[in-house]
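Q: Hi! I've got this one open on my screen and would love a quick walk through it. Could you help?

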Amino acid sequence: MKTRLWTLILPLSAGLACAEAPPEDSPGGAVELAALDAVFADYSAADGPGCAFAVSRDGQQVMARAYGMANLEWDLPNTPETVFEPGSVSKQFTAAATILLALDGRIDLDDDIREYFSEMPDYGEPITVRMLIHHTSGLRDWGSVAGIHGWARTTRIHTHKHALDIASRQRALNYEPGRYYSYTNTGYNLQAMLVERVTGQTFDEFSQERIFEPLGMTKTQWRDDFTEIVEERSIGYRRGDDGEWHMLMPFENVHGNGGLLTTVGDLLRFTRNLDTGEVGGPEFIRLMHEQGMLDSGRQISYAGGLFVGEYKGVREVQHSGGTAAYRGFLTRFPDHGLAVSVMCNVGEANPGGLARAVAELYLGDALGEEASEEPAGADVDPARVAAFAGGFRDTRTGQFMELTADGASLRVGGPGGMSLAAVSETEFASPAGVSIVFDGPAGSGARPGATMDTPVADGVRIEPVDGFEPTAADLAAYAGAYHSDEAEVTYWVEVEDGGLVLKDRYGDGQSLAPVYRDAFRQGGSTFIFRRDDTGRIAEASLSQGRVWDLRFERIQ
């Protein structure tokens, strides 16, 4: 038996396993295999991890290929039947389960989640199930809070019990429910738990019965027990500091936010149902594609675990994902009957770029040059643009944002940041739908504030801030211990070598760089010291991408 197995595997040891090319008269037959293989050239080595992809036309799979190795210890290659995790691509499956439960009449999408989760605090305004689906709940991301505590995901075995406990300890939301969009895994873990509480089944049992089995997804399941043996599962890998491959696996049991174990072919079976409604019917299709709406009336691109938009002028429905070293992307171009799934077991992979490169080979001339038109440029003196440059504070979160001048454009952040072209002397905009309108022209006096609109937020105020060079007395005033009940962590702020260091319980420290008075930056986080009426530093807050204004009480 072992001899026969290796006979099958050895011809694939170059790291490539493939389906035969379809005949020229079949859908997708005109795409050359060499062109497809070239897309994945960086993931074809026999001594490294790789990817698999599949393509369907009008629901018929026309291509499936795989590259690189599924298991480096056993020298096993990836194949189109290899099981991967696609990370947050899983969210559309969770939204589908929630919507099916609503279509059954067992829940209402506008129910207050406290009807099902008495553990959750009363924030004064209801958080609805629909808000969980659309990421408009204001709930902080539990995994980000766990990282602030010191146990980021992949470093501890997290369960739904942990996720719910963290969520229930948050005394505040990022924002009032419905006001903004903020991507949060918490909403999707709660949906998985909601299905279990309403049905009495495990989330996997419900999903198998209502989604996976009816659609013929025979190799798909939820990773609700990471110790379970899963046939043909790949191992996730990333490069270590030594340049060698190291395993990075999702040793956790949280799911619904991610945690789907599946194949590229099974992903296509699911996305086909979003066209046909074989499971769920027309109302299911409508609700899965229903985009969220903010209180302001702005429609966002996020729907039922799906981003609805365009790619180079062609309508696209997609989602990306990553968990540990796994990466995934599932995209569908409904007007052309094309779907592409990509999953990789290498942390450095960009599955979205790979999937769209494959899609371009199939869509050809149907694609335009750009996803959207550039804003009409204005002839603005670069010196006037440069007068706007500098640091700004997001008034929602306190986070620091830097604008730099680039000729007649402003760039958010340094080189490589988003570029916003001048529309007028006071307005700048990007093709991505971000605009900044200053309160007036920049002159010889103070820089004006501005209003920023994004695809997921209206009227965000940003205010100019001056740079800050703290004195020794300033630094000494910040030193002390700060505790957060919500994150269950105490940080020690100490003065070292003329600067501030934020230390955890183990004595490991991270330098804090001053950005404006009483505010410091560490990586993507802004740590703000807050004063009482006497001017004394009494507390601090931390803001980052998925956690806004998490408060720390000064305890010494």
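Q: Let's start with Phe529: is it buried or exposed?
A: This is a predicted model, and in it Phe529 has a relative accessibility of 2%. The cut-off for buried is under 20%, so Phe529 counts as buried.

Q: Which ring does Phe529 pair with, and what kind of pair is it?
A: Phe529 pairs with Tyr478. The ring centres are 4.5 Å apart and the planes are at 25°, so the pair is stacked. Tyr478 belongs to helix α13 (residues 472-478), while Phe529 belongs to strand β27 (residues 525-531). The two are 51 residues apart, and their pair links distant parts of the chain.

Q: And Tyr478, buried or exposed?
A: Tyr478 counts as buried, at 0% relative accessibility.

Q: Which aromatic cluster are those two in?
A: The cluster is made up of Phe468, Tyr478, Tyr482, Tyr491, Phe520, Phe527, Phe529 and Phe552.

Q: What does Tyr482 stand opposite?
A: Tyr482 stands opposite Tyr491 in β23. Strands β22 (residues 480-484) and β23 (residues 489-496) run antiparallel and are joined by five bridges. Gly480 is also bridged to β23, with Val493 as its partner.

Q: How many residues sit between β22 and β23?
A: Four, and the two strands form a hairpin. Glu488 in that turn has a positive phi of about 50°.

Q: What comes after β23 in the pairing?
A: Strand β24 (residues 499-503), which runs antiparallel to β23 and is joined to it by five bridges. This is another hairpin, with two residues between the strands. Asp497 in the turn has a positive phi of about 50°, and Glu496 has Gly499 in β24 as its bridge partner.

Q: What do these strands build together?
A: A closed barrel of eight strands, running β22-β23-β24-β25-β26-β27-β28-β29 with antiparallel pairing. From one strand to the next, the twist averages 35°. Helix α5 (residues 142-149) packs on the sheet and touches β23, β28 (537-544) and β29 (547-554). The direction of α5 makes about 35° with that of β29.

Q: Which strands make up the other closed barrel?
A: β14-β15-β16-β17-β18-β19-β20-β21, a closed barrel of eight strands with antiparallel pairing. There the twist averages 30° from one strand to the next. Inside that run, β18 (residues 427-429) pairs with β19 (residues 435-438) in the antiparallel sense over three bridges, and Phe428 stands opposite Ile436 in β19.

Q: Switching to helices: which residues of α10 are buried?
A: In α10 (residues 281-289), the buried ones are Gly281, Phe284, Ile285, Leu287 and Met288. Their cover includes α3 (91-103), α4 (129-134) and α9 (264-276).

Q: How do α9 and α10 pack?
A: At an angle of about 110°, with axes 8 Å apart. That makes α9 roughly perpendicular to α10. From α9, Phe270, Asn273, Leu274, Asp275 and Thr276 meet Phe284, Ile285, Met288 and His289 of α10. The contact residues divide into five nonpolar, three polar and one charged.

Q: Back to rings: how many aromatic pairs are there?
A: The count comes to 26 aromatic pairs. One of them is Phe53 with Tyr67: the centres are 6.3 Å apart and the planes at 10°, so the pair is stacked. Phe53 lies in strand β2 (residues 51-57) and Tyr67 in strand β3 (residues 60-67), so the pair ties together parts 14 residues apart in sequence. Phe53 is buried, with a relative accessible area of 0%, and Tyr67 counts as buried at 1%.

Note on methods. Residues numbered from 1 in each chain as written. Predicted model: local features only at pLDDT ≥ 70, side-chain atom pairs only at ≥ 80, totals over all residues. Heavy atoms only, no water. Pairing = 2+ DSSP bridges. Buried < 20%, exposed > 50% of the residue type's maximum accessible area, 1.4 Å probe, protein only. Contact = heavy atoms within 4.5 Å. Axes fitted to C-alpha atoms, helices over the stretch in contact; angles between N-to-C directions. Parallel < 35°, antiparallel > 145°, perpendicular 65-115°, else oblique. Nonpolar A, V, L, I, M, F, W, Y, C, P; charged D, E, K, R; others polar. Phe/Tyr/Trp six-rings, centres within 6.5 Å; stacked < 30°, edge-to-face > 60°.
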